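The following report walks through one protein model, moving from a single residue out to its strand, its pairings and the space the strands surround. Please keep the sequence and the structure open alongside the text.

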Amino acid sequence: MRLEGDRNASIASFNGSLVLAGPSRPNVGFRSEAIVFNDSSTGMIGRAVWTDEHGDQAFSELQGMGTRTDNKIVGTFVGGTGRYAGAVGTYEFSWRFVLESEDGNMQGESMGLKGRVRVESSHATSSLGDPRS
């Protein structure tokens with residue numbers, strides 16, 4: 001939606017694959033989903049869910065600032081289900097749009113994902129580890 005001047009607002013839903021693999025990473029794959037509200041003047045807020053191959057989920061809140069080409073998004077883990085119950089921590093990354101079609105569909109990729117999560121639950125058996133890029 002166009003607002004006054006060069007200001008724009010949008011609501012978007014993103015989904016895709018996320019794999020945490022490599023040194024000091026847990027070698028876990030996730031289906032990731034996020035819903036975000038972006039205001040080109042005030043920034044972005046959103047919510048995300050990462051679901052692993054067992055159906056266990058990690059929930060996070062998202063905040064971002066910057067432009068389409070120079071941005072930083074910070075996620076804060078706020079809990080989860082199964083082995084991610086009680087998950088707390090943060091992560092950050094940048095987002096780059098790769099393709100945008102005339103009907104509004106977009107494709108993109110995250111870059112520079114890094115962060116840390118801790119599971120604060122007596123019945124949880126593992127954590128996401130230290131996903132660093």
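## A buried threonine and its strand

T51 is buried, with a relative accessible area of 8%, where buried means under 20% relative accessible area, exposed means over 50% and partly exposed lies in between, for a 1.4 Å probe and protein chains only. This is a predicted model, in which local features need pLDDT of at least 70 and side-chain atom pairs count only at pLDDT 80 or more, while totals for chains, interfaces and linings use all residues. Residues are numbered from 1 along each chain as its sequence is written, and side-chain values use heavy atoms, with hydrogens and water left out.

T51 belongs to strand β3, which covers residues 43–52; helices (H or I, at least four residues) and strands (E, at least two) are DSSP runs, numbered from the N terminus. Beyond its neighbours within four places in sequence, T51 is in contact with G29, F30, R31, D56 and Q57, contact meaning heavy atoms within 4.5 Å. The side chain of T51 also makes a polar contact of 3.1 Å with the side chain of Q57. A polar contact is a pair of N or O atoms within 3.5 Å; within protein, one must be able to donate a hydrogen and the other to accept it, and residues adjacent in sequence count only if both atoms are side-chain atoms.

The strand around T51 is itself sheltered: 7 of the 10 residues of β3 are buried, so β3 is largely enclosed by the rest of the structure.

## How the strands pair

The protein chain has 0 helices and 7 strands, and 30% of its 133 residues count as buried. Of the contacts in the chain with a separation of 6 or more, 35% are between residues 24 or more positions apart.

Three antiparallel pairings are set out below; two strands pair if DSSP finds at least two bridges between them.

| Strand pair | Bridges | One facing pair |
|---|---|---|
| β1 (residues 9–20) and β2 (residues 28–39) | 12 bridges | L20 and V28 |
| β2 and β3 | 10 bridges | F37 and I45 |
| β3 and β4 | 8 bridges | V49 and F59 |

T51 takes part in this network too, as the bridge partner of R31. A hairpin of 3 residues leads from β2 to β3. The hairpin of β3 and β4 has 4 residues between the strands, and within that hairpin G55 takes a positive phi near 90 degrees.

## Two residues outside the strands

D56, one of the contacts of T51, lies in the loop between β3 and β4. At 16% relative accessibility, D56 counts as buried. Leaving out residues up to four places away in sequence, D56 touches W50, T51, T81, G82, R83 and Y84. The C-alpha atoms of D56 and Y84 are 6.7 Å apart in space, although the two residues are 28 residues apart in sequence. The side chain of D56 also reaches the backbone nitrogen of R83 at 3.4 Å.

R7, which sits in the segment before β1, counts as partly exposed at 33% relative accessibility. Its contacts, again not counting residues up to four places away in sequence, are with M1, R2, D39, S40, S41 and T42. With D39, R7 shares a side-chain polar contact of 2.5 Å, whereas R7 and T42, 35 residues apart in sequence, have their C-alpha atoms 9.5 Å apart.

## The largest pocket

How much space lies in the largest pocket? About 1,300 Å³, a volume being the space filled by probe spheres set on grid points that are joined across faces, edges and corners. On a 1 Å grid over the protein atoms alone, a pocket is an open set of points where a 1.4 Å probe fits, with protein on both sides within 12 Å along at least five of seven lines, and lining residues have an atom within 4 Å of a point.

Of the 49 residues that line the largest pocket, F14, V36, I73, W95 and F97 are the closest to its centre. Two or more lining residues come from each of β1, β2, β3, β4 (57–66), β5 (71–80), β6 (87–100) and β7 (106–119), and β1 gives the most, with 10 residues. By class, the lining divides into 21 nonpolar, 21 polar and 7 charged residues, where Ala, Val, Leu, Ile, Met, Phe, Trp, Tyr, Cys and Pro count as nonpolar, Asp, Glu, Lys and Arg as charged, and the others, Gly among them, as polar.
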